[in-house]
Amino acid sequence: MALKRMDNVGIVVEDLAATIDFFLELGLELEGRATIEGEWAGRVTGLGDQHVEVAMMRTPDGHSRLELSRFLRPIVVADHRTAPVNALGYLRAMFTVDNVDDTFERLRRRGAELVGEVVQYKDVYRLCYIRGPEGLLIGLAQELG
């Protein structure tokens, strides 16, 4: 059996509306919102009876998605949003943008902070890491040439 595709990456947040606005500003599209609750969902996640608000964000090319989740029940039990980039586990989501500087400036107005600095890798990319809403680590890459 062959792998077909990666469907989405999930991110748990506290402020769903602000996080949606941030990713809309980045250029993702809101595909839809839903509330997921009940015993059936808990059988998948292992969390038992759960109540979650979910927003699915889609990249403009339609190939990638972020699933943003706000857990109402059960309560969130861990927080690794401020871990440094060398922490174990998922690191960040990286997005290719037309212009790193313009994109960062738009996102800065929504609270984004530069982690290090904007750097250029040869004549291939300009790259940076930013902290978005709730400290989420986001990479921005601009293809050169």
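This passage describes how two domains of one protein chain meet in a predicted model.

The domain assignment divides the protein chain into two parts. Domain 1 covers residues 7-71, and domain 2 covers residues 92-141. The C-alpha centres of the two domains are 22 Å apart. Twelve residues of domain 1 take part in the contact, together with 14 residues of domain 2.

The size of an interface is often given as the accessible area lost when the parts come together. Between domain 1 and domain 2, about 1,200 Å² is buried. Carbon and sulfur atoms supply 73% of this area. On the side of domain 1, three residues lose the most area to domain 2: Phe22, Glu25 and Leu26. Together they account for 58% of what that side buries.

Polar and charged groups also pair up across the interface. Two salt bridges are found between domain 1 and domain 2. Glutamate 25, listed above for its lost area, also forms a salt bridge with arginine 106. The closest N and O atoms of this pair are 2.8 Å apart. In addition, four residue pairs are in polar contact across the interface, with both residues at pLDDT 80 or more.

Helix 1, residues 16-26, gives the largest share of the side of domain 1 that touches domain 2. Its contribution is six residues. By residue class, this side of domain 1 has seven nonpolar residues, four charged residues and one polar residue.

Conventions:
Residues numbered from 1 in each chain as written. Predicted model: local features only at pLDDT ≥ 70, side-chain atom pairs only at ≥ 80, totals over all residues. Heavy atoms only, no water. Domains from an automatic or database assignment. Contact = heavy atoms within 4.5 Å. Buried area = accessible area lost by both parts, 1.4 Å probe. Salt bridge = Lys/Arg side-chain N within 4 Å of Asp/Glu carboxyl O. Polar contact = N/O pair within 3.5 Å; in protein donor to acceptor, adjacent residues only side chain to side chain. Helix = DSSP H or I, 4+ residues; strand = E, 2+ residues; numbered from the N terminus. Nonpolar A, V, L, I, M, F, W, Y, C, P; charged D, E, K, R; others polar.
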